[in-house]
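Subject: Structure handover

Hello,

I am passing this structure on to you, and my notes follow below. Please read them with the coordinates open beside you.

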Amino acid sequence: MWPELRELFVRDLGKLIAELEAYPDDASVWRVRGDIVNPAGMLALHLIGNLSQFVGADLGGVAFVRDREAEFAGRDVPRAELIAGLREVAARDGLDAARLDEVSARQLPGFPEGMTTRYFMIHLYGHLKWHLGQVDYHRRML
């Protein structure tokens, strides 16, 4: 299952990169309008932090210190920097497929006790897709 799931992550991180590239300029990635208060740049920062922590560090052993507050407070990060971060996340492949059925080392609020790594990876993929949809909507709205 891991090769297929990894392929989906890489594919959709590529779609997120394409969405960011489709904005007319860097400023529009950070623009908010009406009730939409989560700009695409913030969502990209959040996904970089989320996947770097849970997939890169926790599962792949890649050194990473997450600053979740900065993911939501950051503004005006150039698209090139966001895209580079997303490409770096997509390039990571440190998860051993044999670990998918292990109980996750991290117990998070709202998740079942004893959840497996497989369960959590499926959740993370859904989380990526949710925010990818938000970015697509944000871009089209502008």
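Contact, in what follows, means heavy atoms within 4.5 Å. By that criterion, and leaving out residues up to four places away in sequence, L124 touches F9, N50, L51, F54 and V55. Please keep in mind that this is a predicted model.

**The core**

L124 is a good place to start, since it is also among the residues that stand out in the largest nonpolar core. That core has 39 residues, and the ones touching the most other members are F9, L20, L82, L86, M121 and L124. At least two core residues come from each of α1, α2, α4 and α5. The biggest contribution is that of α2, which gives ten residues.

**α2 against α5**

Helix α2 covers residues 40-57 and helix α5 covers residues 117-141. Their axes come within 10 Å and cross at roughly 170°. Angles over 145 degrees count as roughly antiparallel, and α2 and α5 are therefore roughly antiparallel to each other. On the α2 side, the residues in contact are A40, L43, H46, L47, N50, L51, F54 and V55. On the α5 side, they are F120, M121, L124, H127, L128, H131, Q134, V135 and H138. Sorted by class, the residues of this contact are eleven nonpolar and six polar, with no charged ones.

Two residues let you look at this region in more detail. A44 sits in helix α2 and is buried, with a relative accessible area of 0%. Not counting residues up to four places away in sequence, A44 touches L20, L82 and L86. Those three are also listed among the core residues that touch the most other members. The C-alpha atoms of A44 and H131 are 8.2 Å apart, although their positions lie 87 residues apart along the chain.

H138 belongs to helix α5. How buried or exposed is H138? Its relative accessibility is 1%, so H138 counts as buried. Outside the residues up to four places away in sequence, H138 touches Y23, S28, V29, R31, I36, N38, P39 and A40. A40 is also one of the α2 residues in the contact with α5.

Two C-alpha distances may be handy if you want to check your orientation around H138. E113 is 25 residues from H138 in sequence and 35 Å from H138 in space. R68 and H138 are 70 residues apart along the chain, with their C-alpha atoms separated by 22 Å. R68 itself is found in helix α3 and, at 47% relative accessibility, counts as partly exposed.

**α1 against α4**

The other helix pair to look at is helix α1 (residues 2-22) with helix α4 (residues 79-91). The axes here come within 9 Å and cross at roughly 175°, and that makes α1 roughly antiparallel to α4. From α1, the contact involves R6, V10, L13, L16, I17, L20 and E21. From α4, it involves R79, L82, I83, L86, R87, V89, A90 and A91. By class, this contact has eleven nonpolar and four charged residues, and no polar ones.

R6 may be worth a look in your viewer. This residue of helix α1 is an arginine that is buried, with a relative accessible area of 18%. Its side chain reaches the backbone oxygen of A90 at 3.3 Å. Leaving aside neighbours within four places in sequence, R6 is in contact with A90, A91, R92 and D93.

**Two loop residues**

S104 lies in the loop between α4 and α5. With a relative accessibility of 18%, S104 counts as buried. A polar atom of the S104 side chain lies 3.3 Å from the backbone oxygen of R106. Beyond its neighbours within four places in sequence, S104 is in contact with M115, T116 and T117.

D76 lies in the loop between α3 (68-73) and α4. What about its backbone: what is phi of D76 near? Phi is near 60°, a positive value in a residue other than glycine. D76 is exposed, with a relative accessible area of 60%.

Happy to talk any of this through once you have had a look.

Best wishes

Methods: Residues numbered from 1 in each chain as written. Predicted model: local features only at pLDDT ≥ 70, side-chain atom pairs only at ≥ 80, totals over all residues. Heavy atoms only, no water. Axes fitted to C-alpha atoms, helices over the stretch in contact; angles between N-to-C directions. Helix = DSSP H or I, 4+ residues; strand = E, 2+ residues; numbered from the N terminus. Parallel < 35°, antiparallel > 145°, perpendicular 65-115°, else oblique. Nonpolar A, V, L, I, M, F, W, Y, C, P; charged D, E, K, R; others polar. Core = buried A, V, L, I, M, F, W, Y, C linked by side-chain atoms within 4.5 Å. Buried < 20%, exposed > 50% of the residue type's maximum accessible area, 1.4 Å probe, protein only. Polar contact = N/O pair within 3.5 Å; in protein donor to acceptor, adjacent residues only side chain to side chain.
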